[in-house]
Amino acid sequence: MGNRVAVIGIGQTKHAAVRGDVSLAGLLREAVFRALEDAHLTINDIDAIVIGKAPDFFEGIMMPEGFLAEAIGAVGKPLLRVHTAGSVGGSTAIVAASHVQAGVAERVLTIAWEQQSCSEAMWALSFPIPFQQQLVAGAGGYFAPFIREYMRRSNAPDDIGILVALKDRLNALKNPYAHLHEPDITYDSVKESFMLWEPIRYSETCPSSDGAIAMVLAGEAAAEASAAASGVRPAWITGTSMRSEPATANGRDQVSPDAGKDCAADVYRQAGITNPRAEIDVVEMYVPFSWYEPMWLENLGFCDEGEGWKLTEQGVTQLDGDLPVNCSGGVLSTNPIGASGMLRFGEAAMQVRGTAGEHQIDGVRTALGQAYGGAAQFFAMWTLASEKP
Amino acid sequence: MTAATSASFQRAPRDVAIVSVAQSRHERAIVDRNEVELIQPVIQQALEQVGVQKGEIDFTCSGSSDYLAGQAFSFVMTLDAVGAWPPIAESHVEMDGAWALYEAWVKIQSGHADTALIYSYGKSSPGDLPHVLSRQLDPYYYQPLWPDAVALAGIQARQMLDAGKITPERMAEIAFVSREAARTNPNAQLQGSAPVAELLAADYLSDPLRRHDCAPISDGGVAVVLAAGDRAKRWADRPAWIRGIDHRIDSHNFGARDLTVAPSAALAAANAGVAFDKVDVAELHAPFTPQHQLLVDALGLGDDVSVNPSGGALAANPMMAAGLIRLGEVANRIMSGEVDRGVAHATSGHLLQQNLVAVLEGA
């Protein structure tokens with residue numbers, strides 16, 4: 001819809017539990033300047049900036065983009081701040097893309113970040129009574145019952161989560177920016193890690209990270225000019241979609257939410273994808289707890305309900321499988337919450353551009369980026385193609 | 001840069017209009033309703049005015065602040081006011097609702113939607129607002145000093161006075177005119193004013209600002225419906241067409257900025273095309289009287305423009321909503337046929353750091 005738009009530059013920080021070597025502004029600039037360099041542009045070429053992060057309480061700064069405006073080169077430009085819970089990184093990229101599709105900007109810089117070392121995210125996500133049930137501690141405590149329900153419905157073996165965690169952490173060893181690099185990880189070490197929220201073990205849980213990602217999105221002429229300068233092909237955005245549903249509603253299925261199914265259907269329709277399993281080469285999806293890989297494989301329509309765990313078990317989602325999932329190591333290896341969605345979108349774009357380095361899959365023509373947030377109620381997705389639509 | 005030098009104004013490809021506006025009555029403290037209960041009837045009224053069910057809206061976008069709510073992800077609960085079931089296409093900005101409207105306008109321009117519901121709300125009453133807003137500052141250099149929002153505005157007012165751009169008498173006159181105008185605004189929190197001489201005899205709140213120079217602390221919300229092309233014409237007899245809209249930001253480094261000007265407001269006004277034709281009415285989001293004068297100058301508004309006939313933010317200033325309310329107030333005057341062309345302004349951050357300007361027309 002609207003004008004064509006492509007990803008022409010991607011930059012991310014080295015993610016870590018504490019990035020104590022840089023200020024907050026410095027953290028963002030690390031990502032911003034890498035993205036601009038990748039696009040062979042300077043900040044002067046940028047028409048508008050769209051920025052996203054998760055709750056302001058994580059760093060203790062209300063609407064921090066105002067203070068950051070100068071550091072990210074926004075002075076004199078439009079600066080829009082998106083906040084849609086955990087899906088925010090994806091939503092932010094989609095809002096940025098809509099600026100180009102609408103024709104209000106030719107080159108847009110989009111940034112997503114979190115500096116989780118400033119606070120304790122688990123307790124920030126544990127809402128006081130009466131907002132949530134007693135004894136729900138952190139997002140894992142919230143999602144564990146839905147994972148158990150998935151296991152019950154699908155009759156999945158109870159080690160599928162271990163396989164996902166092992167795969168993603170091994171993939172992360174090929175991603176120099178990933179937060180967790182655990183070369184000694186094994187099936188047994190994951191299995192023996194302590195149980196946090198049954199059935200979620202410590203090693204099946206995302207870390208808490210400081211980090212940022214930035215992307216440059218551009219219209220057709222600017223994208224082709226940038227590709228000529230850099231020698232790297234643009235990742236053309238062929239579909240974008242966002243869907244939301246309430247945290248609680250009668251009949252709502254929190255294991256495979258309607259909002260996720262609707263969002264996938266919308267983005268596939270835009271991209272002309274009728275058989276996602278056959279037509280999508282690589283997926284970056286938001287898996288903060290290992291079991292969400294098989295759950296999202298089903299929600300995204302890559303297989304029938306109850307079959308997602310089989311794809312994981314058969315190795316389909318490994319780097320050498322026919323549907324690699326989270327080649328970057330995913331959220332299980334890197335989780336600056338506000339940035340995690342855009343990292344999925346950006347890593348998917350890197351695969352299409354052929355710039356993913358050691359975790360690059362050969363010959364990627366179509367990729368999907370997915371992010372979710374809240375009580376599995378906010379979804380953002382985009383599809384990318386190596387060929388201009 | 002002044003508005004008259006604009007060369008970058010381009011009319012957007014799709015005609016998009018505000019077709020419905022609803023507001024709460026703004027109060028110092030709404031204690032009998034939470035945020036969901038506050039905004040739900042406002043949203044319902046905005047939809048009913050155009051005879052639309054929520055399922056007929058293509059895109060929903062809201063604006064609010066977790067810091068006001070005292071709760072991470074506070075907007076998640078407020079989604080219940082929309083009834084997002086079955087699922088909807090929806091987004092949220094941690095900004096004034098005017099920027100939510102901008103996101104929705106871009107979405108419609110991109111062809112992804114033909115209609116949009118925008119809402120925003122803020123309850124400042126649970127906290128100490130001037131100090132809460134100090135958390136919006138640079139965390140390394142400003143936050144540790146806990147400068148409150150009124151004290152910061154006082155520094156700007158002092159610079160305006162020293163530069164000869166305003167006088168205490170003019171400040172009092174702006175307050176008097178705004179709150180007298182608010183007598184006809186049923187949603188206003190402050191209606192009517194003591195005479196200027198009496199205002200000037202009052203003690204300072206934060207020298208050189210007196211209480212009358214400051215917006216009240218308000219709880220309230222607003223909802224707006226946008227529609228494109230023929231849909232807008234079906235939903236409203238006289239849609240308020242958005243003929244230009246732009247937003248820009250200035251530096252946060254107050255010590256390095258000339259606080260008597262707002263380059264981002266002037267640039268947004270130029271890009272929105274304010275100077276391209278006669279302006280009948282303007283609604284400016286100016287929480288302090290010197291900012292009112294600063295914005296009149298930045299937008300190049302002449303003496304013939306009716307400024308803030310609603311009373312503006314000086315009569316009611318619900319955080320995160322007061323900017324979108326300015327768009328709504330101008331739209332209402334166009335939809336009623338009272339005026340043909342109006343300018344709406346919204347601000348975000350301290351000391352007019354970030355500004356949005358829209359031009360609305362009846363034809």
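A cavity is a set of grid points where a 1.4 Å probe fits but cannot get out. Rolling a probe the size of a water molecule over the atoms shows where empty space is left. The model examined here is predicted.

Six cavities of 30 Å³ or more are present in the structure. The largest cavity has a volume of about 90 Å³. Residues from chains A and B line this cavity. Chain A supplies M63(A), E65(A) and G66(A). From chain B come M95(B), Q136(B), I249(B) and H252(B), together with S348(B), G349(B), H350(B), Q353(B) and Q354(B). By class, the lining of the largest cavity holds eight polar residues, three nonpolar and one charged.

The second largest cavity encloses about 60 Å³ of space. Its lining is made by Q23(B), H26(B), N185(B), S310(B), G312(B), A316(B), I325(B), R326(B) and E329(B). Helix α12 of chain B, residues 322-335, gives the most to this lining, with three residues. Five of the lining residues of the second largest cavity are polar, two are nonpolar and two are charged.

Open space was also examined. The second largest pocket holds about 740 Å³. Three elements of chain B each give two or more residues to the lining of this pocket: α5 (129-132), α6 (149-162) and β11 (341-348). The largest share comes from α6(B), which gives four residues. In total, 39 residues line the second largest pocket. Nearest its centre lie L129(B), A215(B), P287(B), F288(B) and N317(B). The lining of the second largest pocket divides into 24 nonpolar residues, 11 polar and four charged.

On the surface, F194(A), L196(A) and Y202(A) make a nonpolar patch of about 320 Å². One of these residues, Y202(A), sits in a loop of chain A. That loop runs between strands β6 (200-201) and β7 (210-219). The relative accessibility of Y202(A) is 49%, so this residue counts as partly exposed. The class of exposed residues begins over 50%.

Terms used. Residues numbered from 1 in each chain as written. Chains lettered and ligands numbered in written order. Predicted model: local features only at pLDDT ≥ 70, side-chain atom pairs only at ≥ 80, totals over all residues. Heavy atoms only, no water. 1 Å grid on protein atoms, 1.4 Å probe; cavity = no way out; pocket = protein on both sides within 12 Å on 5 of 7 lines; lining within 4 Å. Points joined across faces, edges and corners; volume = space filled by probe spheres on them. Nonpolar A, V, L, I, M, F, W, Y, C, P; charged D, E, K, R; others polar. Patch = residues over 30% accessible without salt bridge, like charges linked within 9 Å, V, L, I, M, F, W, Y side chains within 5 Å. Areas by Shrake-Rupley, 256 points an atom, 1.4 Å probe, with all protein chains shown as cover. Salt bridge = Lys/Arg side-chain N within 4 Å of Asp/Glu carboxyl O. Buried < 20%, exposed > 50% of the residue type's maximum accessible area, 1.4 Å probe, protein only.
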